[in-house]
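Q: Could you take a close look at one helix of this protein with me, and then show me what surrounds it? I am a first-year student, so a step-by-step walk would be lovely.

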Amino acid sequence: MGDVKYWEDLAHAPVRRFGPVVFSSELLDRLLDLMGEKHPVHDSDDFAQGTDRRRRIVPGGFIHSITSGWVVQHGSPAAIVGMRRLSWDFVRPLYPDTPFWFTTATDRAEEIDDRIGLVETTRRVFDENDRTYAIGRMSVVLLRHAAQRTAETGRVQ
């Protein structure tokens with residue numbers, strides 16, 4: 001787990017940019033079936049068009065999941081031990097099979113104790129023309145490097 005990011009790595013990190021990412025129609029169908037999420041604006045092009053959408057849209061919760069998973073898969077996992085807060089503002093609909101990009105910026109960080117620290121971030125999801133789809137704000141508790149060293153050696157340093 002040498003690539004894991006700890007509190008010290010993210011407390012003053014530069015803005016991280018990822019993408020392009022595509023949430024495919026096939027993935028949407030599989031996840032809707034798996035989760036039982038059958039709201040018609042997500043499941044039916046005909047219904048979505050009746051709500052002034054071009055076609056069905058990707059659920060907001062799936063946007064959070066795929067961007068978080070993308071960071072872990074293509075970046076580095078973080079040593080998160082708890083989540084304090086998570087909120088999203090969905091500005092424009094994201095349609096399946098549409099490429100998008102996202103950034104994650106550290107807004108604030110504070111030490112809690114010698115084992116853990118708090119990091120507050122903003123994630124912005126946008127298209128190739130920099131138009132925003134969604135903005136997520138997260139507050140997470142992460143292990144600090146010293147806590148990891150203690151866990152590996154079994155002794156307090």
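A: Turn the helix α2 until its outward face looks at you: on the face turned away from its buried side you will find the exposed residues E26, R30, D33 and L34. Please keep in mind that this is a predicted model.

Now look at the other side. The buried residues of α2 are S25, L28 and L32. They sit on the same side of the helix, because they cover an arc of only 55° around its axis. A general rule helps here: an α-helix has 3.6 residues a turn, so residues three or four places apart point the same way. What lies over the buried residues of α2? The cover includes α3 (40-43) and α5. Just after α2 comes G36, which has a positive phi near 75°.

Let us move on to α5, one of the elements that cover α2. The 15 residues of α5 should span 21 Å at 1.5 Å a residue, and the end C-alpha atoms are indeed 21 Å apart, so the expectation and the model agree. Several residues of α5 are buried, namely G60, F62, I63, H64, I66, T67 and V71. Their cover includes β1, α2, β2 (80-90), β3, β4 (116-126) and β5. S65 also lies in α5, but S65 counts as partly exposed because its relative accessibility is 45%.

Both helices also take part in something shared. The largest nonpolar core has 17 residues, and those with the most contacts inside it are F23, F100, F102 and V125. At least two residues of this core come from each of β1 (16-22), α2 (25-35), α5 (60-74), β3 (99-111) and β5 (132-143). The biggest share is from α5, with four residues. For a feel of this core, pick F100: beyond its neighbours within four places in sequence, F100 is in contact with G19, P20, V21, F23, I66, T67, L94, V125, F126 and Y133.

Next, follow the strands. Ten bridges pair β3 with β4 in the antiparallel sense, and these two strands form a hairpin with four residues between them. One bridge in this pairing joins E111 to G117 of β4. On to the next partner: β4 and β5 run antiparallel too, joined by eleven bridges. Here L118 stands opposite V141 of β5. The hairpin of β4 and β5 has five residues between the strands, and D130 takes a positive phi near 70° there. Is β4 open or enclosed? Nine of its eleven residues are buried, so β4 is largely enclosed by the rest of the structure.

Finally, pause at two residues of β5. S139 lies in this strand and counts as buried because its relative accessibility is 3%. Leaving out residues up to four places away in sequence, S139 touches M83, R84, R85, L118, V119 and E120. L142 is found in β5 as well, and L142 is buried with a relative accessible area of 0%. Which residues does L142 touch, not counting those up to four places away in sequence? They are K5, W7, L10, A78, A79, I80, V81, R115, I116, G117 and V119.

Technical notes. Residues numbered from 1 in each chain as written. Predicted model: local features only at pLDDT ≥ 70, side-chain atom pairs only at ≥ 80, totals over all residues. Heavy atoms only, no water. Core = buried A, V, L, I, M, F, W, Y, C linked by side-chain atoms within 4.5 Å. Buried < 20%, exposed > 50% of the residue type's maximum accessible area, 1.4 Å probe, protein only. Contact = heavy atoms within 4.5 Å. Expected span 1.5 Å × (residues − 1). Arc of directions from axis to C-beta. Pairing = 2+ DSSP bridges.
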